[in-house]
Amino acid sequence: TGLLLATWQVLPRTSNQVYQPEQPIPFSHKLHAGTFKIECRYCHTSAYKSNHAGVPTLSTCMNCHSVVRPDSPWIQKIKKSYAEGKPIEWVRIHELPDHAHFNHKRHLAKGVQCETCHGNIKEMERVYQAEPLTMGWCLNCHRGFETPKYVRKNVYPENPDGNEPVAPFNCNTCHY
């Protein structure tokens, strides 16, 4: 048991669930996506057309904040970085191991909503990793063992009872 405990402490964690780091600018998804109902795709444009959702560009922020609360000290910091062409160094929250890949475009095209993996983002003052994002968690959805709460209805008409595979679950789907 000593060797097992030592190995467990040395190996990286398999899940960052509830990880909620401080960010360089306190961005509220609750305000932007919740109160103001700004669609995810307005800021995370690449999620719908590429493998990665990506962090919004500063120009996206400035689309609104050149006129909305431009005197805020936080907006001033964004404005300065934008003018200097320097990115804000955001702390990554949702991260998979290097040997696993997640294709945002493919999932969104099938009707899987952002909240399925990212949680109820519209209620998060400060974003945290709501789900474990482990291989087992993903496979439960792919195999049809769980119907995610945030999947649009009738996305998988071939699986009305949620008891047959709904997505590929062979290794090279995510490991390539």
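This short talk covers the charged contacts in this structure. Keep in mind that the model is predicted.

Let's start with salt bridges. How many does a search of the whole structure find? Four.

Take arginine 126 and glutamate 22. They form a salt bridge, with the closest N and O atoms 3.1 Å apart. Now look at where they sit. Arginine 126 is in the loop between α7 (114–118) and α8 (135–142). Glutamate 22 is in the loop between α1 (2–10) and α2 (29–35). So this pair ties together parts that are 104 residues apart in sequence. Arginine 126 is partly exposed, at 31% relative accessible area. Glutamate 22 is exposed, at 59%.

Next, lysine 122 and glutamate 115. Their side chains meet in a salt bridge, 3.7 Å from N to O. Which partner is buried, and which is partly exposed? Glutamate 115 is buried, with a relative accessible area of 9%. Lysine 122 is partly exposed, at 36%.

Now a network. Salt bridges link Lys80, Glu84 and Lys86. Within that group, the side chains of lysine 86 and glutamate 84 meet at 3.9 Å, N to O. Glutamate 84 counts as partly exposed, with 42% relative accessibility.

Last, the rings. How many aromatic pairs does a search of the whole structure find? Zero. There is a charge over a ring, though. Arginine 41 lies over the face of tyrosine 48. The distance to the ring centre is 5.0 Å.

To recap: four salt bridges, zero aromatic pairs, and arginine 41 over tyrosine 48. Thank you.

Notes:
Residues are numbered from 1 along each chain as its sequence is written. This is a predicted model: local features need pLDDT of at least 70, side-chain atom pairs count only at pLDDT 80 or more; totals for chains, interfaces and linings use all residues. Side-chain values use heavy atoms; hydrogens and water are left out. Rings of Phe, Tyr and Trp (its six-membered ring) pair if their centres lie within 6.5 Å; planes under 30 degrees apart count as stacked, over 60 as edge-to-face and the rest as tilted. A charge sits over a ring if NZ of Lys or CZ of Arg is within 6 Å of the ring centre and within 35 degrees of the ring normal. Helices (H or I, at least four residues) and strands (E, at least two) are DSSP runs, numbered from the N terminus. Buried means under 20% relative accessible area, exposed over 50%, partly exposed in between (1.4 Å probe, protein chains only).
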